[in-house]
Amino acid sequence: MLSLRNAARHWTWTRLASFAFTLLAVAFLGLMLGLFVWQSLPAWKHAGLGYITGKTWYFRQQEFGALAMIYGTFVVSAVALLLAAPVGVGAALFTAEVLPNRWRLPVKAAVELLAGVPSVVYGLLGILFLRNWVYDGLESFDLLSGDTLLTAGILLAVMILPTVMTLSDDALRAVPATQRRAARGLGLTRAETAILVGFAQSWRGMLTALLLALGRALGETIAVFLVVGRRDNALPESFYSIPPLVEAGQTLTSKLGGSETNIAYGDPLHWAAIVGLALFLLSIVAGISWAGARLMRRKEECDAPLA
Amino acid sequence: MRHWLDRLFILCTALCAALPVVIIVFIIGVIAWRGGGALSWEFLTDQIRSAGADGGIFYNIAGTLILLMTAFLVSVPIATGLALVHGVYLKNERTKERLWLLLSVLNGVPSILFGLFGLIVFVKYLGWGKSWMTGGVLLGLMMLPTVAVAFIEQIKSLPRHYIEAAAGLGLSDSQRVWSVVMPQCAGGLVTGSLLGLARAAGETAPIMFTSTIFAGATIPSGVKESPVLSLPYHIFILAQDSFDPAAGTNLWGTALVLLVLVLGLSLLALPARLHIHEESGND
């Protein structure tokens, strides 16, 4: 057997090209990480850990503290996740547990289309509708404008809803149907079956769905850029205070997508500070994707003997 | 009591499921309604005039198609290589697992970071300036995981006896690739590409610093300093400072064209994609 397998491993052109292209893809990711580390070194040398914890960013005074943007990114993503998680999981419970097959496909197709809408179109709708709705809806807060962290969060929630819903639906449908039939046979209602059988066995998969959705939310640029207000150094007194939500802010991505990226290139330190934001974002999102992929794999392994 | 709770549960979850349907209908409806007025033969075939307020978006459509074609040509060979390595050549489960993790991580990389990478490497280091080639390469790399994963799924679902028959005939791995895997699984490549292109077509962040400008470019004739116009960047710029009603109409018209392009590509890939997801269920 061993000799047979070795015989199948001759180095042909097809094999060589396949491995070369694979290596290219691996090298690209490595190169991106290496490049970001290398190009951001001056910023880390200049500000040290203060680069992450510093509260002020004035590039003309060479003050580079990214905390306000990190805060903005996490607040916007948290709002998006808080809104999209219950709706997405609820919708998945309905499509996987209640909806008859005939109606399933149209709903799934609609969700797929929603996932396909470009972020610049979401941004456009955010500018022309959502920010006015937020402005009018929160009149009592006396907003300066409709461009707020909350607006960006709501827009992001719609954008990550398909991710949450599709992956949660997949997780629910991986639960064997025989168990559902058994539960119904014992006299449980549809709701009880959905929660005690479906949800109870697939919540791990749903956590994975939320994790991957969070990764998307953290990295989304264009839609957030258009409605977040892009106000530098908008850091509240405490991380958990609510009012700053309805003020303009800045996220890591809206900073990277802004004009400062073009201005910064001439000045090594300023450029390093910009690339440092990219490095920070890449590390977090890559970590989340990695954890999500690991979780999903583990789930498959656990499910295999059951299914 | 239990049955009331049951009804309440069904009502709440049904409302949740109705929300994405309502939102997509709203999005398509609003853009078709407001952009429909701008659509005309002239709009599709004329160039930009008066900073987007007048004229059409011919070179924007052309530019986006050039970017997509380049992205397609870049991603297909690399994705095929990745899928063959994962599905055919690699025998070690741990190595396969690592490659899969790598693809997942690549899939999650925010699009703006591709743009920054392209700015550093192609625009500045290689000195290409803004070029359609950079955008094409970046979009190709971005859609790589989508294409590769679709191909890999297809290889995984290949009937076991095909592989056994190939092994029984004494075919080597590479012979098996050309006689079984490629003919049987090319569909995965097509679905993946359609889906990847649908995502790539609407991307703004990777191309805004590297390959696209708002006005003043036509069909590029070289690589260096040859930017193109594009649909998403056109929308992105007009959306930020559009108080001119005429520009507004053209803005919605551009959004409608982009939406039709993107959703058209998604719709073509939809049957295969639903098939993959529906197979994971078992009732």
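Q: Before we look at the helices, what counts as two residues being in contact here?
A: Two residues are in contact if their C-beta atoms, placed from the backbone, lie within 7 Å. The model is predicted, so local features need pLDDT of at least 70 and side-chain atom pairs count only at pLDDT 80 or more, whereas totals for chains, interfaces and linings use all residues. Residues are numbered from 1 along each chain as its sequence is written, and chains are lettered from A and ligands numbered from 1 in the order in which they are written.

Q: OK, which residues of H6(A) meet H10(B)?
A: From H6(A), A:Val120, A:Gly123, A:Leu124 and A:Ile127 meet B:Pro232, B:Ile235, B:Phe236 and B:Ala239 of H10(B). By class, this contact has seven nonpolar, one polar and no charged residues, where Ala, Val, Leu, Ile, Met, Phe, Trp, Tyr, Cys and Pro count as nonpolar, Asp, Glu, Lys and Arg as charged, and the others, Gly among them, as polar.

Q: And at what angle do those two helices pack?
A: Helix H6 (residues 119–137) of chain A and helix H10 (residues 231–240) of chain B pack at about 20°, with their axes 9 Å apart. Here helices are DSSP runs (H or I, at least four residues), as are strands (E, at least two), numbered from the N terminus, and axes are lines fitted to C-alpha atoms, for helices over the stretch in contact, with angles running from 0 to 180 degrees between N-to-C directions.

Q: How many residues does each chain put into the whole contact?
A: Chain A gives 81 residues and chain B gives 73. On the side of chain A that touches chain B, helix H2 (residues 13–47) gives the most, with 16 residues.

Q: Switching to B:Val21, is that residue buried or exposed?
A: B:Val21 is partly exposed, because 17 other C-beta atoms lie within 10 Å; a residue is buried at 20 or more such atoms, exposed at 12 or fewer, and partly exposed in between, with C-beta atoms placed from the backbone. B:Val21 lies in helix H1 (residues 2–36) of chain B and touches A:Val107 and A:Ala110, not counting residues up to four places away in sequence.

Q: What does A:Val164 contact, then?
A: Leaving aside neighbours within four places in sequence, A:Val164 is in contact with A:Ala84, A:Ala85, A:Gly88, A:Val89, A:Ala209, A:Leu210 and A:Ala213.

Q: Last one, how much of chain A is buried?
A: Of the 307 residues of chain A, 52% count as buried, and the chain has 13 helices and two strands.
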